[in-house]
Amino acid sequence: MNQDLNRTVPAPEPKGATLHLTLDEAEHERRQYLASPPILDMSALDLLLALPVDIPVPLDALEWSQQRNVRQLLRGAAVVTRTHVTRHAVRPCRIDLATVSGPPTRRNLERAGWFAPFCSRALIIPREPRRKDFLTEADFWGIGITLDHDGEHEVLVEPEPWMPKRHTPAGWRYVERAYKAATVATVQEAA
């Protein structure tokens, strides 16, 4: 993976979190070449998840609602002919980690926990927790804890590696929103 494609961006939701991404270089370049916008429509993402990648599917093999949605796919998502649809779009990046910064409170654990459906997560704290069971609770929920010593980070609890339990349109849309933030950041840096 090309190192300059890795990004750290503000999370679309909840505010105050940071996402650490690895862009899919091939998909990123394909989308840049075609000037394809991020795919944010849930029905389009649902349809794309039902189609195999790079394999033509006869339109008459799709349900009626899917046939209707095929005609509304964004540029670059798929190639549609009179008889077939071929999906090309895949998730443009992977969210490796979401970090939330703040004091060691249950509220901040909940904020970090919000990202459980999408990626690994961690809480960066400015001081040692007062509650003795705080680190145990974070570990139970799979949330990493990092102590920030004036810019030097000490990992107190490793974040649980994230494994997708299922692929959903909502999960893909969240990745698309993060990708949009990453590409906007790239354009702003280049300007």
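Trainee: At the start of helix H1, a side-chain oxygen of Asp24 reaches to the backbone nitrogen of which residue?
Mentor: Residues are numbered from 1 along each chain as its sequence is written, and side-chain values use heavy atoms, leaving out hydrogens and water. This is a predicted model, where local features need pLDDT of at least 70 and side-chain atom pairs count only at pLDDT 80 or more, while totals for chains, interfaces and linings use all residues. H1 covers residues 25-34 (helices are DSSP runs of H or I, at least four residues; strands are runs of E, at least two). At its start, that Asp24 oxygen comes within 3.2 Å of the backbone nitrogen of Ala26.

Trainee: How wide an arc do the buried residues of H1 cover?
Mentor: Buried means under 20% relative accessible area, and exposed over 50%. In H1, the buried ones are Glu27, His28 and Arg31, whereas Ala26 and Tyr33 are exposed on the other side. The buried residues sit on the same side of H1 because they cover an arc around the axis of only 100 degrees.

Trainee: OK, on to the open sheet: which are the edge strands?
Mentor: Its 6 strands run in the order S1-S2-S6-S7-S8-S9, with mixed pairing (two strands pair if DSSP finds at least two bridges between them). Each edge strand pairs on one side only, and these are S1 (7-10) and S9 (152-157).

Trainee: And which residue in S2 stands opposite Thr8?
Mentor: S1 and S2 pair in the antiparallel sense, over 4 bridges. Opposite Thr8, in S2, you'll find His20.

Technical notes
Buried means under 20% relative accessible area, exposed over 50%, partly exposed in between (1.4 Å probe, protein chains only). The arc is that of the directions from the helix axis to the C-beta atoms. A polar contact is a pair of N or O atoms within 3.5 Å; within protein, one must be able to donate a hydrogen and the other to accept it, and residues adjacent in sequence count only if both atoms are side-chain atoms.
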